[in-house]
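Please look at the model shown here and follow where its ligand sits and how its open space is lined. The briefing takes the pocket before the ligand.

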Amino acid sequence: MKLEGQHHRTLYLRDDGTLRLLDQRALPFRVAWVDTRAPEETAAAIREMVVRGAGAIGAAAAAGAAQAAFCARESAFAEDLAAGVAAIRAARPTARNLFYGVDVVLAAIEAAGPHPAQARAAALDAARWVADDDAASCAAIGEHGSALVQDGASVHTHCNAGWLAFVDWGSALAPIYAAHRDGRRVHVWVDETRPRSQGAKLTAFELGQAGVAHDILPDGASGLWMRQGRSQLVIVGADRIAANGDVANKVGTYLLALAAAAHGVPFYVAAPTSTLDGATPDGDGIPIEERAADEVLFAEGVDADGAPATVRTAAHGSGARNPAFDITPAALVRGIITERGVIPARADAIARVLRPTSAGGA
Ligand code: MRU
């Protein structure tokens with residue numbers, strides 16, 4: 001997608017294992033890039049949300065696993081590889097794509113045999129495959145989902161599940177980009193998404209870069225907006241989808257789904273099949289990350305001169321809790337828009353499109 005008029009992906013993996021990441025913490029105020037060379041550095045970039053969003057995390061994690069092979073000493077290859085991979089796995093718990101990306105690279109290393117040089121080459125290829133596959137899957141999600149976006153529609157979304165959350169295109173925003181490209185008039189209601197404001201900062205930024213009409217809404221406005229008939233369709237992303245179709249996504253998604261159900265607004269989830277978790281029976285088994293209280297107690301932005309600023313927005317002495325995700329029950333989901341088509345949020349349909357964890361797999 002376009003960043004200041006030029007096509008970009010959110011990350012690039014070089015031949016020497018260096019990973020270049022678009023620094024999402026600086027957006028929308030500044031475009032900056034961060035390089036990582038070791039798995040521990042990539043794990044820190046994931047934890048600190050330099051790179052965030054399920055697909056981008058998955059591709060970064062795959063690159064981090066490849067870095068673990070690059071950094072491993074020949075004399076202790078297996079041990080060093082395992083330690084680097086463990087650091088990546090521990091970075092964030094909820095997005096299924098993180099574990100998928102690591103597993104794809106490990107499968108390629110195992111298939112390459114015992115020689116470190118071959119293992120490194122295979123790991124690099126597999127990590128690049130994960131990134132390319134993510135971009136291609138999101139492009140296909142756009143084509144399958146765009147039929148849902150009628151001319152003149154206002155689509156409601158939460159958090160950022162656009163191209164910044166993936167390698168390219170995005171999941172929830174891909175159908176919108178495809179409809180916009182095809183000349184349909186589309187407007188997006190962008191939930192602000194406190195506490196980190198991924199909607200206000202990232203979704204609004206990338207829609208603006210693409211020329212798609214949009215307005216930012218406070219998170220609590222969705223009930224009123226749906227009651228007044230202002231949202232015709234909801235499309236959100238997913239960090240993990242359990243075997244029964246329950247969806248983990250940014251906290252606030254469940255309330256949006258309840259509001260949509262109460263007012264008869266169709267609620268869709270867009271996700272590549274790499275987000276599906278066939279091993280977790282339902283949403284209760286999905287680990288929900290709890291992040292630092294300071295993300296709730298403070299807000300980050302820029303001051304009148306454009307300098308980065310952090311301000312306290314809560315009473316002194318109050319504590320806070322910060323669950324980063326919630327679970328939307330499958331019963332509230334009209335369909336899951338995948339690269340294989342729109343499927344029902346049901347165990348049998350999900351089982352049919354689950355991926356084998358291997359590079360080049362379906
Ligand atoms: O905590 P984040 O910013 O990594 O949140 C993940 C997300 O981007 C959202 O939950 C998104 O809607 C789904 S991931 C494409």
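**Pocket and ligand**

In the lining of the largest pocket, the largest share comes from β14, with 5 residues. This is a predicted model, in which local features need pLDDT of at least 70 and side-chain atom pairs count only at pLDDT 80 or more, while totals for chains, interfaces and linings use all residues. Residues are numbered from 1 along each chain as its sequence is written, and side-chain values use heavy atoms, with hydrogens and water left out.

**The largest pocket**

- A pocket is an open set of points on a 1 Å grid over the protein atoms alone, with protein on both sides within 12 Å along at least five of seven lines, and its lining residues have an atom within 4 Å of a point.
- The volume of the largest pocket, meaning the space filled by probe spheres set on the points, is about 620 Å³.
- Its lining has 27 residues, of which R25, R196, K201, E300 and G301 lie nearest the centre of the pocket.
- By class, this lining of the largest pocket holds 11 nonpolar, 6 polar (Gly counts among these) and 10 charged residues.

**The ligand**

- The ligand is surrounded by 17 residues (each with a heavy atom within 4 Å of it), and R52, R92, D239, N249 and K250 come nearest.
- Among the polar contacts (pairs of N or O atoms within 3.5 Å), a polar side-chain atom of N249 lies 2.8 Å from a ligand oxygen atom, and one of Q198 lies 2.9 Å from a ligand oxygen atom.

Terms used. A polar contact is a pair of N or O atoms within 3.5 Å; within protein, one must be able to donate a hydrogen and the other to accept it, and residues adjacent in sequence count only if both atoms are side-chain atoms. On a 1 Å grid over the protein atoms alone, a cavity is a set of points where a 1.4 Å probe fits but cannot get out, and a pocket is an open set with protein on both sides within 12 Å along at least five of seven lines; lining residues have an atom within 4 Å of a point. Helices (H or I, at least four residues) and strands (E, at least two) are DSSP runs, numbered from the N terminus.
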